[in-house]
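Trainee: I would like a close look at one part of this model. Please take me through the ligand site and what leads up to it.

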Amino acid sequence: MNRSIVCMLAAVVLTGCATSTSTGSAKPIPMPEVTIYHLEGRRSERIVWLMEELQLPYRLEFRRGDLAGSMAAIRALSPIVPMAPTVKYGDQILVESGAIIETILDRHAAAGVLRPALDAPDYPYYVMWMHYAEGSLAARLFSDYRAWRTNPPKQRSPLVDSEAVVQFAEEYLAKHPWFGGAEFSGADIMMKFPLDVATKLNIVDAAQFPKVAAWKTKVEARPAYQRMLAKARPDGLIGPLPALPQHAPSGPRVGSER
Ligand SMILES: N[C@@H](CCC(=O)N[C@@H](CS)C(=O)NCC(=O)O)C(=O)O
């Protein structure tokens with residue numbers, strides 16, 4: 001079934017269309033039509049979740065229960081790098097969930113909404129986790145996952161691996177309630193997908209990361225997250241990748257001082 005949902009919620013309070021941007025400009029930036037090309041259970045959920053948090057209008061395109069069919073629509077738009085999310089923003093075709101989130105927040109959310117102010121002490125943390133989610137976390141998780149599917153590790157690597165990149169998040173969450181610091185932000189939206197991948201695919205052992213587990217419970221309780229699930233994952237996870245078998249136990253990392 002070709003699914004097309006248009007949300008036409010008023011965006012008066014949360015959006016900056018009639019107020020200002022994070023740069024302090026008073027000039028309104030009207031939002032063009034946004035269409036999110038989506039694969040159920042994949043990174044495109046981030047953009048749906050963001051729009052639900054901001055109560056901004058968007059169109060959601062996917063073929064329910066049919067990942068290949070949803071991907072065909074993405075490929076038609078972006079044949080060289082068909083990826084979810086792909087977003088039609090006015091007449092521009094955008095990829096990279098972090099860049100899409102930053103664009104929407106910087107242009108269409110009021111200053112300080114879902115990100116700290118530029119001069120706030122938390123701002124560097126917010127930017128760091130926005131980028132860490134894909135640049136270090138997802139990259140290492142999928143690299144380990146691919147290698148370990150065929151060759152499960154006998155011991156941990158001395159290099160920075162999946163367990164280390166999740167441990168870094170765990171230690172940050174021991175000191176801060178959210179990845180953007182004191183408040184929930186776009187950085188939390190970015191971090192949820194790779195931290196789910198880490199534990200659901202058994203790349204790391206969830207039991208070793210209680211702060212991450214408690215943070216997931218908190219974000220999953222957000223009404224906007226629940227609205228996202230209802231719209232973007234109506235049948236639960238479909239076509240999930242297989243979880244890894246039990247593999248290299250944690251403990252001292254070979255060649256490292258941990
Ligand atoms: N760094 C990109 C990654 C996008 C990405 O790889 N998306 C996956 C779905 S979660 C995808 O489309 N995979 C299809 C493929 O790689 O062929 C982002 O954050 O948007």
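Which residues surround the ligand?

Mentor: Keep in mind that this is a predicted model. The ligand is surrounded by R42, R43, R46, M71, M83, A84, P85, E96, S97, E134 and F193. Sort that shell by class. Five residues are nonpolar, one is polar and five are charged. As for location, the ligand sits in the largest pocket.

Now take the polar contacts. Start with the acidic side chains. A polar side-chain atom of E96 lies 2.9 Å from a nitrogen atom of the ligand. E134 also faces a ligand nitrogen: an N or O atom of the E134 side chain is 2.9 Å from a nitrogen atom of the ligand. R43 deals with an oxygen instead. The R43 side chain places an N or O atom 3.4 Å from an oxygen atom of the ligand. Next, the cover. On its own, the ligand exposes 510 Å². The protein buries 71% of that area.

Move on to A84 and P85. Both belong to the set around the ligand. The peptide bond that joins A84 to P85 is cis, and its omega is near 5°. P85 is part of the loop that runs between α2 (67-77) and β4. M71 and M83 are also among the residues surrounding the ligand.

Follow the chain out of that loop and into the strands. β4 covers residues 86-89, and β5 covers residues 92-95. These two strands pair in the antiparallel sense over four bridges. Within that pairing, V87 has L94 in β5 as its bridge partner. Y89 is matched with Q92 in β5. Together β4 and β5 make a hairpin, with two residues between them. G90 is in the turn, and its phi is positive, at about 60°.

β4 has another pairing as well. Strand β2 (residues 34-37) pairs with β4, again in the antiparallel sense and over four bridges. In this pairing, T35 stands opposite K88 of β4. A general point helps when you view these strands. In a regular strand, side chains alternate between the two faces of the sheet.

One more backbone detail is worth a look. Q55 is not a glycine, yet its phi is positive, near 55°. Find Q55 in the loop between α1 (45-54) and β3 (59-63).

To retrace the site, go back to the polar contacts. E96 and E134 each approach a ligand nitrogen, and R43 approaches a ligand oxygen.

Note on methods. Residues are numbered from 1 along each chain as its sequence is written. This is a predicted model: local features need pLDDT of at least 70, side-chain atom pairs count only at pLDDT 80 or more; totals for chains, interfaces and linings use all residues. Side-chain values use heavy atoms; hydrogens and water are left out. Two strands pair if DSSP finds at least two bridges between them. A residue is near a molecule or strand if one of its heavy atoms lies within 4 Å of it. A polar contact is a pair of N or O atoms within 3.5 Å; within protein, one must be able to donate a hydrogen and the other to accept it, and residues adjacent in sequence count only if both atoms are side-chain atoms. Accessible areas come from the Shrake-Rupley method with a 1.4 Å probe; for residues, only the protein chains shown count as cover. On a 1 Å grid over the protein atoms alone, a cavity is a set of points where a 1.4 Å probe fits but cannot get out, and a pocket is an open set with protein on both sides within 12 Å along at least five of seven lines; lining residues have an atom within 4 Å of a point. A molecule sits in a cavity or pocket if more than half of its atoms lie within 2 Å of its grid points. Ala, Val, Leu, Ile, Met, Phe, Trp, Tyr, Cys and Pro count as nonpolar, Asp, Glu, Lys and Arg as charged, and the others, Gly among them, as polar.
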